[in-house]
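Reader: I am new to reading structures, and I would like to look closely at one single part. Could you take me through it slowly, and then show me what surrounds it?

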Amino acid sequence: MPDVALFVTCMVDNLTPNVGVATVKLLEAAGCSVTFPEAQSCCGQPAVNSGEPEAASALARHFVEVFEPFDAVVSPSGSCAAMVRHWYPQLLDGAWKPRADAVAARTHELSSYLVDVLGCTDLGARVQSRVTVHDACHALRVLGLKSAPRRLLEAAGAEVVEMSEPEICCGFGGTFAEKHPEISGPMADDKLAQAAATDADVLTAGDTGCLLHLEGRRRRSGVGPPAVHFAEILARGLEP
Amino acid sequence: MTRLSDRASAAIADENLQTSLRTLTSGLRSIARHVGQDPAVADRRAAATHIRQETVADLDHWVDEAAQSLTATGCTVHHAATRDDAVRIIRGLALQEQVRLVVKGKSMATEEMHLNPALEADGIEVVETDLGEYIVQLAHEPPSHIVGPALHKRLPEITELFSQVAGRQLAEDPQALCTFARVELRDKFLTAGMGITGANFVAADTGTIVLVTNEGNGRMCSSLPRIHVAVVPVEKVVPRLADIPTLVGALVNAATGQPLTTYVSMITGPRRADDVDGPEELHVVFLDHGRRRLVGTKYQPMLACVRCGACLNACPVYAKIGGHAYDSVYSGPMGVVLTPLLSGRPEDDELVEASSLCGACTEACPVGIPLADLIVHLRADLRTRPRDASWPQSTPVPRRRPRGWRWNGWARVWSSPVGYRLSTAAARRGARTLGRGRPWVRRLPGAKGWAAQRDVPVPAARSFRSQWRARQRDPRAWGGLG
């Protein structure tokens with residue numbers, strides 16, 4: 001039984017805890033034994049993206065200390081996993097560098113861990129809906145992830161329909177959403193219009209930031225299907 | 001002075017511009033997707049990346065070699081440390097030769113130099129001959145895209161501009177308008193005393209200037225007038241003539257999806273005794289203007305840029321706001337990186353925020369520039385490093401003032417489990433009180449930008465960690481599995 005440490009992310013912890021619950025259920029359905037190291041906080045991505053590498057490094061060191069005892073670290077966020085894998089080895093130096101490299105190599109996004117590491121696509125979930133997948137940028141371009149969430153959904157029986165441009169950014173961009181709402185909002189509109197055109201019941205992705213941005217915009221504009229994390233869709237399909 | 005957010009809002013409210021941008025970017029993005037699937041393209045990009053990065057790492061050497069080769073072919077070589085120096089050199093030449101009319105090929109370097117107004121102040125007529133540049137010159141606007149300067153212009157606007165030149169109403173027909181411009185420009189080519197072009201590449205071993213165009217205007221500018229001036233930003237040198245096929249292929253393919261442009265001009269020296277055409281004098285002005293300073297810094301890879309525009313076409317922010325909103329010669333991701341490094345204007349610093357860091361630019365770049373990462377680095381360096389002539393440096397310099405104290409304080413609190421738990425509990429309680437039990441609200445304090453466009457999520461009643469603890473106490477707490 002693979003032992004997995006869950007990095008739930010600060011957003012999921014505080015804003016969408018159901019995504020964390022769903023993640024645990026999926027990992028357990030795949031036969032994992034899940035632990036949740038309670039000392040965890042944030043990966044530090046908002047700081048690095050805001051031009052504050054020192055603050056980001058402090059959180060990176062904390063993350064490394066918390067997670068280095070574990071063989072596998074799994075997160076329901078492609079962007080946070082990408083932060084660990086891509087930026088930690090650049091941010092930390094000296095004695096911290098090999099430790100950062102080691103933790104980075106063992107940190108995985110949820111769908112990638114299930115499909116690419118465990119080779120497990122059918123979790124026993126049953127999903128009836130028509131789903132369209134937004135390729136969150138850092139999962140796609142930093143982690144090279146494209147098929148894993150689709151394969152999990154398809155194995156559960158969901159009908160996966162594609163938007164015309166699933167790979168274009170939704171406009172979240174972390175602090176970009178707060179600093180340039182006048183650009184970020186219209187970018188969400190494009191994504192939501194494309195999702196609406198697919199007639200999907202639900203728009204999904206593997207990043208809470210993108211999903212809250214899209215759902216928040218949908219609630220404002222009334223366009224597009226609900227935006228829900230794929231872990232929640234699949235975990236609902238596990239219920240007896 | 002306007003701010004980026006105001007210019008972006010104005011661009012997004014401009015229906016005409018939005019129509020142009022939609023047509024442009026969806027078309028160009030589909031070309032990029034098509035190009036991206038070709039394995040031969042990936043191989044060529046790797047080769048092009050190698051050549052460019054090799055060159056910029058030893059820039060002084062290759063510029064020296066290029067200057068020697070150019071001189072050997074009969075060119076006169078000038079070195080301009082700043083854009084003002086470059087303008088001075090060209091004005092001097094034009095005055096000395098009593099030039100009344102200059103025809104220009106498309107050159108972003110001369111835009112950077114503000115060359116046209118300087119020559120016009122001397123009473124010289126300057127005519128842009130690239131069709132897109134001709135359109136924006138008539139409209140008294142700067143280019144909005146480094147490859148397609150007038151991509152923001154719609155057909156009715158262009159018809160109006162050309163009709164003013166013609167002195168009669170022209171038909172709204174692209175073919176007829178092109179013919180009109182061709183006839184107008186032909187006369188200018190034949191009477192101009194000086195042709196000014198940029199250069200896509202200069203081969204250091206042979207001193208060959210390479211111009212890539214689809215209209216043939218570069219060839220006219222460089223062969224018909226008596227004097228040809230090529231403005232060459234120093235990073236345009238490449239070591240060998242043999243590198244040109246790889247680089248031109250990578251550039252053109254990334255720019256337009258073509259295998260090759262309609263015209264590729266390779267110019268080695270001015271007219272020789274047995275040549276039937278060509279300029280009597282060929283002057284090459286190497287423009288530095290802050291570029292050499294980047295060698296050896298983390299921004300060195302930016303010097304590899306071949307100005308193909310692929311990062312603009314891929315960028316979802318450019319697709320929303322267009323080129324003019326950047327208020328800079330260079331727009332899109334390459335402009336976001338290059339402008340604050342070269343311009344010296346503090347108001348350009350905020351351009352680094354014009355990115356969602358989605359990485360589409362990095363993916364699109366045919367010469368391997370990690371644009372998204374450079375934007376992240378620049379955000380940090382612009383905050384903490386002094387802006388003087390020595391910036392940026394390869395070695396860190398002391399902080400100017402402790403602007404990061406808020407972030408550092410946050411990081412300190414969140415690096416402690418107790419600090420994280422207490423601060424998030426307080427924030428969640430506060431937000432829930434204001435949210436009065438609703439899962440989404442119209443606004444919350446501290447989320448002004450967010451709430452301007454989106455409803456705001458209210459934190460959940462119980463954090464994940466408290467639910468995890470409940471389950472540790474009672475394994476059935478979550479129902480179902482567990």
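Which residue follows helix 2 of chain A, and what is the sign of its phi?

Author: The model is a predicted one, and in it helix 2 of chain A is followed by A:Gly31, a residue whose phi is positive, near 90°. Going back into the helix itself, which covers residues 17-29, we can check its length: at 1.5 Å a residue its 13 residues should span 18 Å, and because the C-alpha atoms at its ends are 19 Å apart, the expectation and the model agree. Ten of those 13 residues are buried, so helix 2 of chain A is largely enclosed by the rest of the structure. The buried residues begin with A:Pro17 and also include A:Val19, A:Gly20, A:Val21, A:Ala22 and A:Thr23, while A:Val24, A:Lys25, A:Leu26 and A:Leu27 are buried as well.

One of these, A:Leu26, leads us further inward, for it is in contact with A:Leu234. Leaving aside neighbours within four places in sequence, A:Leu234 is also in contact with A:Leu123, A:Ala125, A:Val127, A:Leu152 and A:Ala156. Together with A:Leu59, A:Leu234 has the most contacts inside the largest nonpolar core, which has 229 residues.

Helix 2 of chain A also has a part in the meeting of the two chains, a contact that takes 58 residues from chain A and 54 residues from chain B. Helix 2 is among the helices of chain A that each supply at least two residues of the side touching chain B, although helix 11 of chain A gives the most to that side, with seven residues. By class, the side of chain A that touches chain B has 29 nonpolar, 15 polar and 14 charged residues.

Notes: Residues are numbered from 1 along each chain as its sequence is written. Chains are lettered from A and ligands numbered from 1 in the order in which they are written. This is a predicted model: local features need pLDDT of at least 70, side-chain atom pairs count only at pLDDT 80 or more; totals for chains, interfaces and linings use all residues. A nonpolar core is a set of buried Ala, Val, Leu, Ile, Met, Phe, Trp, Tyr and Cys residues joined through C-beta atoms within 7 Å. A residue is buried if 20 or more other C-beta atoms lie within 10 Å of its own, exposed if 12 or fewer, and partly exposed in between; C-beta atoms are placed from the backbone. Two residues are in contact if their C-beta atoms, placed from the backbone, lie within 7 Å. Helices (H or I, at least four residues) and strands (E, at least two) are DSSP runs, numbered from the N terminus. The expected span of a helix is 1.5 Å times one less than its number of residues. Ala, Val, Leu, Ile, Met, Phe, Trp, Tyr, Cys and Pro count as nonpolar, Asp, Glu, Lys and Arg as charged, and the others, Gly among them, as polar.
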